[in-house]
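Thanks for sharing this one with me. Here are my notes, set out point by point so that you can follow along in your viewer.

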Amino acid sequence: MLKNKIILYNSILISFIPLALISGPFISDLFLVISSISILFLIINGREFKYFLNIFSYIFFSYCLFIIISSLLSSNLLLSLEASLFYCRFGFFTISIWYLLDNFENFKKFFFVGLISSFLILLVDGYIQYIFDYNTLGWLRHGDRLSSFFGEEYVMGSFFSRLFPLLVALFIGIFNKNSKIILFTFIILILVDVIIFLSGERVAFLNITLCTILIIFLFNNYKILRLISFIISILIILFLTFYDQSIKIRMIDKTYDDIFVNNEIQNNTSDEIDQNKINLFSQAHEAIYLVAFDIFRDNYLIGSGPKTFREECKNTKYSSLNGCSSHPHNILLQSLSETGIIGFIFYIGVFFSITFFFLKIFISKIFKNSNSRKYTDDYFIALLIAVFVNLFPFFPSGNFFNNWISIIYFLPVGFIIQFHYKNVNN
């Protein structure tokens, strides 16, 4: 039957996306588009319009319409439309995952195989690059950074930390309380923690730490497993930091200098360095943030347009701040500067909804309230943690309108929506 074949082929295609992400955005985005078009055909042909007539679709596609309007009113029309015109594909991608979870029993297992394969391949190659300075393709390690198959793109740590909660969710959803798998998971947790630290990506290590804190405080089960694995990881990291001075300089010394030391020369006649100033992550980050906020003040309602920060920051009115970059390096400030108050409402609404839900879970655990147990399922919580970490406003972040990072952001959303509506229907 044609429908079953389309479902099977697209299950395989989407399951390859985590592996495709290692090669960059092109192949993974191509898989996303092909699968979305195929599943869209099945939904329309089967008149299963529930996948479009729901709160997620209403909110997401309203956002897509808004960012197109923002682009049309932008002074960098074509550049902005590159990001906004086809952003709706991520909504169709989310719906595709939801549809496959509903209609193909083994999709979750298929996707898990693809995801764990990408983790294992990167783990093996990353450790080889750390130990021998070359990865399996002969690519040289650059200084104190590891990139594995990502080459000159230092996003291996980001890949691990942002997809880590989704992997944990699938472990729970598929292999719940399987002792052999729990031991395997325990080892994977430690290896991931350590390689993220060795990658030299400080934000990625902050993200994995945030994931760990949320797991310990919100999970019903496995919190002790995660606590012990993280403690072991920290002990290994401390040993490696003592052994490898380049990692210590990158992750500890440089972080301290970036935050607590002001390296600006005070004036042209003095070489004195002010060591009393506390920077917001670093002087470079702080300068970019100030420019982003100034752009927001000048375009407070609908922003300067998606993806336009790189051009707007070149304006002479912002040049004195020396904060130009490809994007604002903070999801909250990017939302404000490029999409204004209206776009910010969409972002902050999602983030606060998850935060409020987490607070309800935490309070219910304190008072031992067993109500709404189905929504405190560890599988569901892990999926929400994946979105929460990606939207967390107090760490530096990647470009929200970048294809590669957007695929990672939207991967867990289809699983969340399917779980929600499955429980509502039951």
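1. Let me start with Met-251, which counts as buried because its relative accessibility is 9%. This residue belongs to helix 12. Bear in mind as you read that the model is predicted. Setting aside residues up to four places away in sequence, Met-251 touches Phe-197, Gly-200, Glu-201, Arg-202 and Phe-205. For Phe-197, the separation from Met-251 is 54 residues in sequence, while the C-alpha atoms are 7.7 Å apart in space.

2. Helix 12 also holds Lys-254. Is Lys-254 buried or partly exposed? With a relative accessible area of 35%, Lys-254 is partly exposed. Not counting residues up to four places away in sequence, Lys-254 touches Arg-202 and Ile-249. Arg-202 is also among the residues that Met-251 touches. If you would like a longer distance to check, take Lys-254 and Ile-408: 154 residues separate them in sequence, and 28 Å separates them in space, C-alpha to C-alpha.

3. Next comes helix 11, residues 223-243. What span should its 21 residues have? At 1.5 Å a residue the expected value is 30 Å, and the end C-alpha atoms are 30 Å apart, so the two agree. The buried residues of helix 11 are Leu-225, Arg-226, Ser-229, Phe-230, Ser-233, Ile-237, Leu-240 and Thr-241. Viewed down the helix axis, the buried residues fall within an arc of 125 degrees, and therefore line one face of helix 11. As background, an α-helix has 3.6 residues a turn, so residues three or four places apart point the same way.

4. What do the buried residues of helix 11 pack against? Their partners are helix 7 (107-132), helix 8 (156-175), helix 9 (179-198), helix 10 (202-218) and helix 12 (245-260). On the other side of helix 11, the exposed residues are Ile-224, Leu-235, Leu-238, Phe-239 and Phe-242. You may like to colour these two sets separately.

5. The loop between helix 7 and helix 8 deserves a look, starting with Arg-141, which is found there. Its relative accessibility is 11%, so Arg-141 counts as buried. The Arg-141 side chain reaches the backbone oxygen of Tyr-130 at 3.4 Å. Beyond residues up to four places away in sequence, Arg-141 touches Gln-129, Tyr-130, Asp-133, Leu-146, Asp-244, Ser-246 and Ile-247.

6. One of those residues touched by Arg-141, Asp-133, lies in that loop between helix 7 and helix 8 too. Asp-133 is not a glycine, yet has a positive phi of about 75 degrees. Most residues other than glycine have a negative phi. At 36% relative accessibility, Asp-133 counts as partly exposed. Lys-307 likewise has a positive phi, about 70 degrees, without being a glycine. Lys-307 sits in the loop between helix 13 (283-298) and helix 14 (309-312), and counts as buried because its relative accessibility is 18%.

7. On to the aromatic rings: how many aromatic pairs are there? The count comes to 49. In the pair of Tyr-87 and Phe-400, the ring centres are 6.0 Å apart and the planes are at 35 degrees, so the pair is tilted. Tyr-87 lies in the loop between helix 5 (77-84) and helix 6 (89-103), and Phe-400 in the loop between helix 16 (378-391) and helix 17 (403-425), so the pair ties together parts 313 residues apart in sequence. Both Tyr-87 and Phe-400 are buried.

8. Phe-358 and Phe-388 form another tilted aromatic pair, at 5.4 Å centre to centre with 55 degrees between the planes. Phe-358 belongs to helix 15 (residues 331-366) and Phe-388 to helix 16, and the pair links these distant parts of the chain, 30 residues apart. Both Phe-358 and Phe-388 are buried. For a charge over a ring, see Arg-145, whose charged end sits over the ring of Tyr-154, 4.7 Å from its centre.

9. Last, a polar detail: Ser-71, in helix 4 (residues 55-72), counts as buried because its relative accessibility is 0%. The side chains of Ser-71 and Ser-84 are joined by a polar contact of 2.6 Å. Apart from neighbours within four places in sequence, Ser-71 is in contact with Leu-77, Ser-80, Leu-81, Ser-84 and Pro-306.

How values were computed
Residues are numbered from 1 along each chain as its sequence is written. This is a predicted model: local features need pLDDT of at least 70, side-chain atom pairs count only at pLDDT 80 or more; totals for chains, interfaces and linings use all residues. Side-chain values use heavy atoms; hydrogens and water are left out. Helices (H or I, at least four residues) and strands (E, at least two) are DSSP runs, numbered from the N terminus. The expected span of a helix is 1.5 Å times one less than its number of residues. Buried means under 20% relative accessible area, exposed over 50%, partly exposed in between (1.4 Å probe, protein chains only). The arc is that of the directions from the helix axis to the C-beta atoms. Contact means heavy atoms within 4.5 Å. A polar contact is a pair of N or O atoms within 3.5 Å; within protein, one must be able to donate a hydrogen and the other to accept it, and residues adjacent in sequence count only if both atoms are side-chain atoms. Rings of Phe, Tyr and Trp (its six-membered ring) pair if their centres lie within 6.5 Å; planes under 30 degrees apart count as stacked, over 60 as edge-to-face and the rest as tilted. A charge sits over a ring if NZ of Lys or CZ of Arg is within 6 Å of the ring centre and within 35 degrees of the ring normal.
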